[in-house]
Amino acid sequence: MELGYYNGKFRDINENVIPIDERGHQFGDGVYEFIRVYDGKPFLLNQHLDRLERSAKALFIKLPITRTELETIIQEGIAKSELQEADIYLQVTRGIAPRNHLFPDTDAQLSLTIRNPRQIPEQAYEEGISTMLLEDERWANCYIKSLNLLPNILAKQAAAQKGCKEAILVKNGYITEGSSSNVFAVKNGTLYTTPATKHILCGITRTNVMSCAHDHDIPVREQHMTMAFLKEADEVFVTSTSIGILPVAKIDQAVLPLTRPITQRLSKAYKQLRNVQ
Ligand SMILES: Cc1ncc(COP(=O)(O)O)c(C=O)c1O
C-alpha cells in the first residue's frame with residue numbers, strides 16, 4: 001500500500017495535508033532525498049541521510065527530529081506499506097508561516113511518500129538512451145539537494161520534446177551533470193566523471209559506482225569533460241538512485257559504440273551492492 005507521512009503521522013497517500021503557508025509550497029524552501037527500497041531494505045540509507053543533513057545545514061534548516069527518529073520513521077513506513085520494492089521521497093521544508101522571505105520562527109516540517117517504484121524499461125538498459133546537450137542554467141550551489149528544480153524540469157522537458165530521455169548540462173563548455181543524473185564516460189579503459197564541486201549534486205550512485213570501479217581495478221579520473229570528449233568517448237552512462245547505471249547511446253547527433261564492456265561490468269558490480277549492505 002502506498003503511504004504518505006506529514007506532521008508526525010502516516011497517512012493515505014491521497015490525503016490533502018499540506019497547508020497553504022507551507023514554505024515548501026510557497027518558496028520551494030526545503031531539501032529532499034530519494035531513497036530506493038530493494039527487498040524491503042532502504043538502499044544506502046546512511047549515505048542518503050548524510051547528504052540530507054548536509055543539504056539542510058547548507059540552507060540553515062534544522063531537521064525537526066533526530067537521525068535515529070528519522071531512521072525509525074523510514075523503517076516503520078516500509079513495514080506499514082508492506083512494499084518490498086519502493087520509491088521513498090523525503091522532504092524537509094523550513095515549515096509553515098505566513099509568507100515572508102525571512103526565515104520564520106517555526107520548526108522544519110518532514111514529509112515523505114512511499115510508493116511503488118517507477119519502472120524503467122529493460123530496453124533502455126540494453127539499447128541505451130538518447131540524450132541532448134543543453135546549457136546548464138542553474139545556480140551556484142547545485143551540491144545542495146534543494147526542492148528548487150525549475151531549471152532541471154525545463155531541461156528534462158526540452159530533452160523529452162526532442163525525443164531524448166535525459167538532458168546533459170553544460171557550463172562554460174564543460175559537462176556538469178544530467179538534469180537528474182550524474183554523467184560518466186569511458187575512454188581507453190579509464191572512467192571519467194565531473195569533479196564533485198558545488199556545481200553538481202554529488203550523487204550517491206556516483207560515489208558507489210566510483211568505488212565499484214576502484215574495486216575492479218578500473219582507473220577513475222574526476223576530470224572536467226568537454227562536449228567533444230563526451231561525444232567521442234568509448235562509453236557514456238548516466239547514474240542515479242532511480243535508474244542505477246543507464247547507458248547512453250546517443251548525444252545530440254553523435255552515436256556511441258554499441259559495445260559497452262566497462263558499463264556492463266560496473267552495472268553488475270553496482271547491483272551486487274544490494275546484497276552486501
Ligand atoms: C541533478 C542531479 N544530479 C545527480 C543525481 C543523482 O543522485 P543520486 O545518485 O544520489 O540519486 C540526481 C538525482 O536525482 C539529480 O537530481
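In this predicted model, the side chains of Glu222 and Arg206 meet in a salt bridge, with 2.6 Å from N to O. Glu222 belongs to strand S12 (residues 220–222) and Arg206 to helix H6 (residues 204–215), so this pair links distant parts of the chain, 16 residues apart. The two partners differ in burial: Glu222 counts as partly exposed because its relative accessibility is 43%, between the limits of 20% and 50%. Arg206, with a relative accessible area of 3%, is buried. Elsewhere, Arg36, Glu85, Asp87 and Arg118 are joined into one network by salt bridges that share partners.

The structure holds 15 salt bridges in total. Asp29 takes part in two of them, one with Arg23 and one with Arg94. Arg23 and Asp29 are both buried, and Arg94 is buried as well. Arg94 lies in the loop between S5 and S6, whereas Asp29 lies in the loop between H1 and S3, so their pairing ties together parts that are 65 residues apart in sequence.

The table lists selected side-chain pairs.

| Pair | Kind of link | Distance |
|---|---|---|
| Glu222 and Arg206 | salt bridge | 2.6 Å |
| Arg23 and Asp29 | salt bridge | 2.8 Å |
| Arg94 and Asp29 | salt bridge | 2.8 Å |
| Glu177 and Arg138 | polar contact | 2.7 Å |
| Glu177 and Asn182 | polar contact | 3.3 Å |

Glu177 is found in strand S9 (residues 174–178). Its relative accessibility is 4%, so Glu177 counts as buried. Apart from residues up to four places away in sequence, Glu177 touches Arg138 and Asn182, the two partners in its listed polar contacts. The other residues that Glu177 touches include Cys142, Ala167, Ile168, Leu169 and His199.

The domain assignment gives domain 1 (3–115) and domain 2 (122–276). Their centres, taken over C-alpha atoms, are separated by 26 Å. In the interface, 21 residues of domain 1 are in contact with 18 residues of domain 2. Together the domains bury about 1,800 Å² between them, and 65% of this area is on carbon and sulfur atoms. Tyr32, Phe43 and Arg51 supply 34% of the area that domain 1 buries against domain 2, more than any other three residues. Across this interface the rule finds zero salt bridges, while seven residue pairs are in polar contact. On the side of domain 1 that touches domain 2, helix H1 (23–27), S3, H2 and S5 each supply at least two residues. The largest share of that side, eight residues, comes from S3.

The largest nonpolar core has 27 residues. Those with the most contacts inside this core are Leu52, Ile74, Ile88, Leu90, Val92, Leu110 and Leu112. Two or more residues each come from strands S1 (3–6), S3 (30–38), S5 (86–93) and S6 (109–115), and from helices H2 (45–58) and H3 (67–81). In soluble globular proteins, nonpolar side chains tend to be buried together.

Leaving aside neighbours within four places in sequence, Leu112 is in contact with Leu3, Gly4, Tyr5, Ile73, Ile88, Tyr89, Leu90 and Gln91. The last of these, Gln91, lies in strand S5. Beyond residues up to four places away in sequence, Gln91 touches Val31, Tyr32, Gln109, Leu110, Ser111, Leu112 and Leu147. The C-alpha atoms of Gln91 and Gln109 are separated by 7.9 Å, although these residues are 18 residues apart along the chain.

Methods. Residues are numbered from 1 along each chain as its sequence is written. This is a predicted model: local features need pLDDT of at least 70, side-chain atom pairs count only at pLDDT 80 or more; totals for chains, interfaces and linings use all residues. Side-chain values use heavy atoms; hydrogens and water are left out. A nonpolar core is a set of buried Ala, Val, Leu, Ile, Met, Phe, Trp, Tyr and Cys residues joined through side-chain atoms within 4.5 Å. Buried means under 20% relative accessible area, exposed over 50%, partly exposed in between (1.4 Å probe, protein chains only). Helices (H or I, at least four residues) and strands (E, at least two) are DSSP runs, numbered from the N terminus. Contact means heavy atoms within 4.5 Å. Domain bounds come from an automatic or database domain assignment. Buried area is the accessible area (1.4 Å probe) that two parts lose on being put together, summed over both. A salt bridge is a side-chain nitrogen of Lys or Arg within 4 Å of a carboxyl oxygen of Asp or Glu. A polar contact is a pair of N or O atoms within 3.5 Å; within protein, one must be able to donate a hydrogen and the other to accept it, and residues adjacent in sequence count only if both atoms are side-chain atoms.
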